[in-house]
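Good morning, and thank you for the time. Please look at the sequence and the structure as they appear, and I shall then go through a few of their features.

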Amino acid sequence: YLYRNGQPFRALHLVHAGFLKTCELSEDGREQVTGFRMRGDLLGVESIGLAMHICDAVALDDAEIWELPYPPVLDALKHVPELQVRLATALAEEIRRDRVWMLAIGTLPAEQRVAAFLLDIAGRLARLGFSARHFILRMGRADIASFLALKHETVSRALSHLERLNYIEVLRREVKLLDIPRLRACVGTPCTTP
């Protein structure tokens, strides 16, 4: 855990390397994965203005995190206008990303959600200079299912179906995107053979 729900909020955290998940717990103990964070992502922004963290941040593999103590960050924002712009941009990107996923989860069938998820991870990795066609999923299927509001078995079935269509190839957590244009088309329409 980088931090847990209920711990005092004292800092923002910048992911320099590695993958993390953020998740929230309901009062009865149900967990909901709310996002996956990787290099360049800022963690803790959801707790700005509060005394405590409102979610958990959990490393999914080895990670390097830069801690940015919050009161000094506020002081720096007063004196470095570019830092204000960067923080505002990071917050706006997080809001936009959350809105896109809210729309996808609320409107797409299961298989299209899984396809959109794979394309999102691929795009984020590509922006960091990694392969968008061949990558390792650092999160398990249960975490993907929680994030996409699906059952674990549904995610496994969707991945298997996309593999049968030759859109992807999956070996445990290793994923190869074989046909990105068809995978993109799949997000807008049911995934079927051409």
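Let me begin with glycine 188, which counts as exposed because its relative accessibility is 64%, and exposed means over 50%. I should say at once that this is a predicted model. Glycine 188 belongs to helix 6, which covers residues 180-188. As for its distance from another residue, glycine 188 is separated from leucine 87 by 101 residues in sequence and by 33 Å in space, taken from C-alpha to C-alpha.

My second residue is aspartate 143, in helix 4, which covers residues 141-148. Is aspartate 143 buried or exposed? Its relative accessibility is 14%, so aspartate 143 counts as buried, the limit for that word being under 20%. Which residues does aspartate 143 touch, once its neighbours within four places in sequence are left aside? The contacts of aspartate 143 are then Lys21, Glu31, Val33, Phe36 and Leu60.

I turn now to the open spaces, beginning with the largest pocket. The largest pocket holds about 630 Å³ of space. Its lining consists of 22 residues, and those nearest the centre are Leu14, Gly40, Asp41, Leu42 and Ala90. Which element gives the largest share of this lining? That element is helix 2, with eight residues. Helix 2 spans residues 81-107, and it is joined by strand 1 (11-17), helix 1 (70-79) and helix 3 (110-127) in supplying at least two residues each to the lining of the largest pocket. By character, the lining of the largest pocket comprises 11 nonpolar, two polar and nine charged residues.

Next come the enclosed spaces. How many cavities of 30 Å³ or more are there? The count is one. The volume of the largest cavity is about 70 Å³. Strand 3 (31-37), helix 2 and helix 3 are the elements that contribute two or more residues to the lining of the largest cavity. The residues lining the largest cavity are Thr34, Gly35, Phe36, Arg37, Arg97, Asp98, Trp101, Phe117, Asp120, Ile121, Arg124 and Phe147. They divide into five nonpolar, two polar and five charged residues.

Finally, I would draw attention to Phe36. This residue is in contact with aspartate 143, and Phe36 also lines the largest cavity. Helix 2 likewise appears twice, in the lining of the largest pocket and in that of the largest cavity. Thank you for your attention.

Terms used: Residues numbered from 1 in each chain as written. Predicted model: local features only at pLDDT ≥ 70, side-chain atom pairs only at ≥ 80, totals over all residues. Heavy atoms only, no water. Helix = DSSP H or I, 4+ residues; strand = E, 2+ residues; numbered from the N terminus. Buried < 20%, exposed > 50% of the residue type's maximum accessible area, 1.4 Å probe, protein only. Contact = heavy atoms within 4.5 Å. 1 Å grid on protein atoms, 1.4 Å probe; cavity = no way out; pocket = protein on both sides within 12 Å on 5 of 7 lines; lining within 4 Å. Points joined across faces, edges and corners; volume = space filled by probe spheres on them. Nonpolar A, V, L, I, M, F, W, Y, C, P; charged D, E, K, R; others polar.
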